Amino acid sequence: MTLSAAMIDPKMSDTPAGPDNDSSILTKTKPKTQRPPLYKVMLLNDDFTPMEFVVHVLERFFGLNHAQSFEIMLTVHKKGLAVVGVFSFEIAETKVAQVMDFSRRHQHPLQCTMEKE
Ligand code: TYC
């Protein structure tokens, strides 16, 4: 770094004192950290997909244990739908695609959707 005269002796600064460079005024600039939007992944109820299949899907793709999976499956069964996880857009999109593909391959009508939180 090159030392300027003003750095050695501030009185040598060629910037005149004024309202915009009063060193006694500290202006706070808020650091704006941007958080990515989150997406709820939901499972929908239907009359045909076996309960055990839904429990298996929750264990396999959402890392839930058997008890958690059974509880969420029952919530979907009783209420029509439930949020099974909240993720970034890309992860949510992948989960939905995995569940839809797995269900289709097993010929079950289970539906999985995502929605911005
Ligand atoms: N309603 C289904 C049944 O009685 C079970 C079920 C639960 C289906 C959750 C889908 O997302 C679902 N076999």
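Ile72 sits in helix α3 of this predicted model. The residue is buried, because its relative accessible area is 19% and the cut-off for burial is under 20%. Leaving aside residues up to four places away in sequence, Ile72 touches Leu58, Leu64, Ala82 and Val84. One of these contacts, Leu58, is 14 residues from Ile72 in sequence. In space, the C-alpha atoms of Ile72 and Leu58 are 8.3 Å apart.

The helix that holds Ile72 runs over residues 66–79. With 14 residues at 1.5 Å a residue, α3 should span 20 Å. The C-alpha atoms at the ends of α3 are 20 Å apart, so the model agrees with the expected span. Both ends of α3 have a local feature. At the N-terminal end, Asn65 acts as a cap. A side-chain oxygen of Asn65 lies 3.1 Å from the backbone nitrogen of Ala67. Just after the helix comes Gly80, with a positive phi of about 100 degrees.

Helix α3 has a buried side and a face turned away from it. Its buried residues are Ser69, Ile72, Met73 and Val76. These residues cover an arc of only 105 degrees around the axis, and therefore lie on the same side of α3. The cover over them includes strand β1 (39–44), helix α2 (51–62) and strand β2 (81–87). The face turned away from the buried side carries the exposed residues Ala67, Glu71, Lys78 and Lys79.

Helix α3 also contributes to the largest pocket. The volume of this pocket is about 170 Å³. Its lining comprises 13 residues. Nearest the pocket centre are Asn45, Asp46, Thr49, Met51 and His77. Helices α2 and α3 each supply at least two residues of the lining. The most comes from α3, which gives three residues.

A further buried position is found in helix α4, which covers residues 89–105 and includes Ser103. Ser103 counts as buried because its relative accessibility is 0%, against a cut-off of under 20%. Its contacts, not counting residues up to four places away in sequence, are Phe53, His108 and Leu110.

Methods: Residues numbered from 1 in each chain as written. Predicted model: local features only at pLDDT ≥ 70, side-chain atom pairs only at ≥ 80, totals over all residues. Heavy atoms only, no water. Helix = DSSP H or I, 4+ residues; strand = E, 2+ residues; numbered from the N terminus. Expected span 1.5 Å × (residues − 1). Buried < 20%, exposed > 50% of the residue type's maximum accessible area, 1.4 Å probe, protein only. Arc of directions from axis to C-beta. Contact = heavy atoms within 4.5 Å. Polar contact = N/O pair within 3.5 Å; in protein donor to acceptor, adjacent residues only side chain to side chain. 1 Å grid on protein atoms, 1.4 Å probe; cavity = no way out; pocket = protein on both sides within 12 Å on 5 of 7 lines; lining within 4 Å. Points joined across faces, edges and corners; volume = space filled by probe spheres on them.
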